[in-house]
Amino acid sequence: MKSRRDFLQKISATALAVPFLSSAKAAGSSFYEEPYEGPVLKVAILGLGSYGTRVAEAMRDCKAAKLTGVISGTPSKIADWQKKYGIPAANCYNYENFDKIKDNKDIDAVYIITPNALHKDQAIRVARAGKHVICEKPMALNAKEGQEMVDACKKANVKLLVGYRMHFEANTLEIIRMRNAGELGKVMFFQGLSGFRIGDPGQWRLSKELAGGGALMDIGIYSVNGARYMVGEEPVWVTAQEVKTDPVKFKEGVDETITFQLGFPSGVIASCLSTYSMNYLDRFFLNGTQGFAELQPATGYGPIKGRTHKGELNLPHKTHQTVQMDEMSAIILQNKKPVVPVDGEEGVKDLRIMDAIYEAVRTGKKVELG
Ligand code: NDP
């Protein structure tokens with residue numbers, strides 16, 4: 001059956017510049033409750049690896065975003081994706097020629113899903129081609145690089161968003177609402193546990209050159225970012241300690257396990273663990289004077305499970321990447337303001353903290369964040 005969605009997805013964003021019916025409708029899951037009348041973001045994915053594939057599959061269910069192009073260094077993947085997602089040859093590029101997307105009206109935004117070290121240069125090239133940038137986490141290897149990306153996108157007058165899918169997750173947003181409404185009392189403490197046992201020692205995630213570090217860059221970033229959105233403040237100091245049990249697998253500059261602590265202006269403290277050598281670590285816990293909130297799992301692909309002093313949170317699971325891409329379409333094409341920002345500045349804030357964590361590990365000293 002040819003659905004209304006198929007029809008809408010084929011029409012260009014500009015031709016469909018109908019505003020959302022109300023701001024309530026534009027919020028979160030409302031995308032999936034009523035027929036969608038708004039514009040559609042035309043997206044090319046750059047880097048057709050494991051996460052890129054997950055995003056492409058999830059985008060099949062998007063209402064406000066559509067996969068229209070690919071950028072890849074592997075011709076056989078391009079051919080597969082063309083067949084699978086009906087992508088015309090005119091919308092397929094490689095790493096040498098993708099600056100030509102400049103002239104392609106079927107691409108509004110490029111979603112960069114490559115190893116971390118490649119993000120900065122690829123984002124700057126996309127921006128210079130006049131297209132919006134969506135970039136996977138960590139957006140860059142350090143805050144200085146992240147800021148260069150922010151500046152390049154500002155200069156090119158395009159938006160820069162970071163793939164923080166949890167910022168749109170219903171249980172997470174409910175806890176943020178409860179905290180803001182004072183239902184937890186005064187927040188006192190956050191705990192973030194983020195880790196898994198990494199396999200294949202030859203993968204890019206264990207290369208300092210391509211990953212920019214180790215577990216902190218890949219999985220610990222969830223506790224860094226989560227501490228900020230769960231507490232609702234920006235940290236002012238950092239302390240950190242590193243433990244390495246396998247220096248062969250985790251070479252110089254590739255962290256295996258780091259524990260870190262963050263201090264916030266109101267006096268809240270956070271205690272976090274980032275590791276590549278333990279499983280079953282995906283838990284956020286927020287403690288206030290009048291209640292608590294827990295997410296476990298907190299950042300996996302879901303379903304996310306939430307619990308507070310008032311009981312279980314049972315908000316329905318929706319594929320994170322589907323919601324993320326629909327919401328990002330609204331942010332890019334309609335200037336929607338998300339509850340928790342996903343812009344480049346947000347990514348730089350995390351990288352500043354991660355830079356400070358590495359500095360604290362190196363020096364053994366408390367690092368103040370000015
Ligand atoms: P993969 O290794 O599975 O895929 C990366 C792809 O990048 C490759 O398949 C390849 O695609 C392209 N590529 C270009 N140059 C290189 C290179 N030198 N080495 C390896 N690959 C290269 O990685 P993931 O998809 O797991 O991760 C990619 C990014 O996504 C990372 O930044 C990661 O942190 C992030 N990520 C985010 C998640 C989230 O939940 N938000 C989850 C998982 C990952 P091609 O052959 O098409 O050129």
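Two strands pair here if DSSP finds at least two bridges between them, and that rule lies behind every strand partner visited on this tour of a predicted model.

**The hairpin and strand S12**

Begin by selecting residues 281–288, which form strand S11, together with residues 291–295, which form strand S12; the two strands pair in the antiparallel sense over five bridges. With Gly-288 labelled, its opposite residue in S12 can be picked out as Gly-291, and two residues lie between S11 and S12 in the hairpin that they form. Next add residues 306–308, strand S13, which pairs with S12 in the antiparallel sense over three bridges; within S13, Arg-307 is the bridge partner of Glu-294.

Keep S12 selected and colour it by accessibility: five of its five residues are buried. In a regular strand the side chains alternate between the two faces of the sheet. In S12, Gly-291, Ala-293 and Leu-295 are buried on one side, while Phe-292 and Glu-294 are buried on the other, and both faces of the strand are thus covered.

**The six-stranded sheet**

Move now to the open sheet of six strands, whose order is S3-S2-S1-S4-S5-S6 and whose pairing is parallel. Strand S3 (92–93) and strand S6 (160–162) stand at the edges with a single partner strand each, so one side of each has no neighbour in the sheet. Selecting residues 75–85 brings up helix H4, which packs on the sheet and touches strand S1 (41–46), strand S2 (65–71) and S3, its direction making about 160° with that of S2. Elsewhere in the sheet, select residues 109–112 and 132–135, strands S4 and S5, which run parallel and are joined by four bridges; Ala-109 stands opposite His-132 in S5.

**Helix H6**

From S5, go on to residues 143–156, helix H6, and place a distance label between its end C-alpha atoms: they are 20 Å apart, which agrees with the 20 Å that 14 residues should span at 1.5 Å a residue. At the start of this helix, a side-chain oxygen of Asn-142 comes to within 3.2 Å of the backbone nitrogen of Lys-144, and after H6 comes Asn-157, whose phi is positive, near 60°. The buried residues of H6 are Ala-143, Glu-145, Gly-146, Met-149, Val-150, Ala-152 and Cys-153, and what covers them includes helix H5 (119–128), S5, S6 and helix H11 (344–363).

**Lys-137**

In the loop between S5 and H6, select Lys-137. Is Lys-137 buried or exposed? Its relative accessibility is 12%, and because buried means under 20%, Lys-137 counts as buried. The side chain of Lys-137 reaches the backbone oxygen of Asp-218 at 2.8 Å. Leaving aside residues up to four places away in sequence, Lys-137 touches Asn-116, His-119, Val-162, Tyr-164, Met-217, Asp-218, Ile-221 and Tyr-222.

**The ligand**

Finish with the ligand and the 25 residues that surround it, of which the closest are Ser-72, Thr-74, Lys-77, Tyr-95 and Arg-165. Which backbones have a polar atom 2.9 Å from an oxygen atom of the ligand? Tyr-51 supplies one such backbone atom, and Gly-73 supplies another polar backbone atom at 2.9 Å from a ligand oxygen. For a side-chain counterpart, select Glu-136, which has a polar side-chain atom 2.9 Å from a nitrogen atom of the ligand.

Methods: Residues are numbered from 1 along each chain as its sequence is written. This is a predicted model: local features need pLDDT of at least 70, side-chain atom pairs count only at pLDDT 80 or more; totals for chains, interfaces and linings use all residues. Side-chain values use heavy atoms; hydrogens and water are left out. Contact means heavy atoms within 4.5 Å. Axes are lines fitted to C-alpha atoms, for helices over the stretch in contact, and angles run from 0 to 180 degrees between N-to-C directions. Buried means under 20% relative accessible area, exposed over 50%, partly exposed in between (1.4 Å probe, protein chains only). The expected span of a helix is 1.5 Å times one less than its number of residues. A polar contact is a pair of N or O atoms within 3.5 Å; within protein, one must be able to donate a hydrogen and the other to accept it, and residues adjacent in sequence count only if both atoms are side-chain atoms. A residue is near a molecule or strand if one of its heavy atoms lies within 4 Å of it.
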